[in-house]
Amino acid sequence: MMESVSLADVTISNIHLPLKWCRIDHNKYKTDCWKYQVFCLIRSGIQVLDSSELTKVDLLTDNILLNDTFVLKNLSPDFTIDIEFYYAQSEDAVKQKKNKKGEQTDTASPVFAIAATASLSLAHCNIWSQKQSLKSGSAGLPAHITAPTSLPELPPLPVLNFYRAEIDVTPHFTLKPSKEGFLDVQQMSQGMPHWAKCWCSLQGMYLKAWKQPEDQFVSEPVLVIEINEHIMLDHVPRSSVQRPNTIHVSYCKSPYADHYLSTDTKEDRILWEIGLNTRQPGVLGLYGNL
């Protein structure tokens, strides 16, 4: 029994924007007010999100970290996400400006220039901290951007040709399970492993187990296995366990416990492995292959 998935939420977080300053460029401007304020704009279709705070940047900053978590809702597999970085002279630097009489001048709202842009698709997702390409200034500027690419009072923000971010896709699975049936599940009891036959169901990003099929409608599961980006699946050889069709579920990070699932036949084991694999966030099989 397979389910259809056509939409997903895309989460972008922990955005790192490396900088490389050039003192010669700054000397051209003959100013000691080398202080910037930076923000990020993320858009896909009609959804537009911006960073909650302006990040202050100066010559001592070699990496901009945006602590915001951006969530774009209900995107189809062919989505495109535009990421835009903007900069302006910081409010502190503006306030330091004096007129010829030494009096502080009244200043209007800061004018922001575009520092760099990037574009994301499904191929970039579910990868932690991988370098993503970045276009600075006016290179490949999307048509909807009308902001200037430089400011007369400041050198351009010295971005490199890449940024890093955590990008994750969460497909919208329907309530209908993609695989269900009896499995022999090994659990620990008083420090000793024992096998119990359970009714198991793949629901969303979880494998849930009950003692009997009818229990799922009236009680909580006796076991819930989370299928996340840390999960690893292995077929256990006959030499290691008495049951020939056993799946070892482990995680590359704690605190998750290992689990052993056994089927009656090789064919059924393969079907469960397929069901579990297509649920892993890094695979996105049901979402990306529509």
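This is a short chat about strand β6, residue L122 and two cysteines in a predicted model.

User: Before we start, what are the ground rules for the model?
Analyst: It is a predicted model, in which local features need pLDDT of at least 70 and side-chain atom pairs count only at pLDDT 80 or more, while totals for chains, interfaces and linings use all residues. Residues are numbered from 1 along each chain as its sequence is written, and side-chain values use heavy atoms, with hydrogens and water left out.

User: Okay, why is β6 largely enclosed?
Analyst: Strand β6 covers residues 81-89, and 8 of its 9 residues are buried, so the rest of the structure largely encloses it. Buried means under 20% relative accessible area, exposed over 50%, and partly exposed in between, with a 1.4 Å probe and protein chains only; strands are DSSP runs of E with at least two residues, numbered from the N terminus.

User: And which way does β2 run against it?
Analyst: Strand β2 (residues 36-44) runs antiparallel to β6, joined by 8 bridges, where pairing requires that DSSP finds at least two bridges between the strands. β6 also pairs in the antiparallel sense with β7 (residues 113-120), over 7 bridges.

User: Where does I83 fit in?
Analyst: I83 in β6 is the bridge partner of I42, and I83 also stands opposite A118 in β7.

User: Switching topic, is L122 buried or exposed?
Analyst: L122, in the loop between β7 and β8, counts as buried because its relative accessibility is 18%.

User: How many disulfides are there?
Analyst: The structure holds 0 disulfides, a disulfide being a pair of cysteine sulfur atoms within 2.5 Å. C198 is in no disulfide, and the nearest cysteine sulfur, that of C200, lies 5.6 Å away.

Conventions:
Helices (H or I, at least four residues) and strands (E, at least two) are DSSP runs, numbered from the N terminus.
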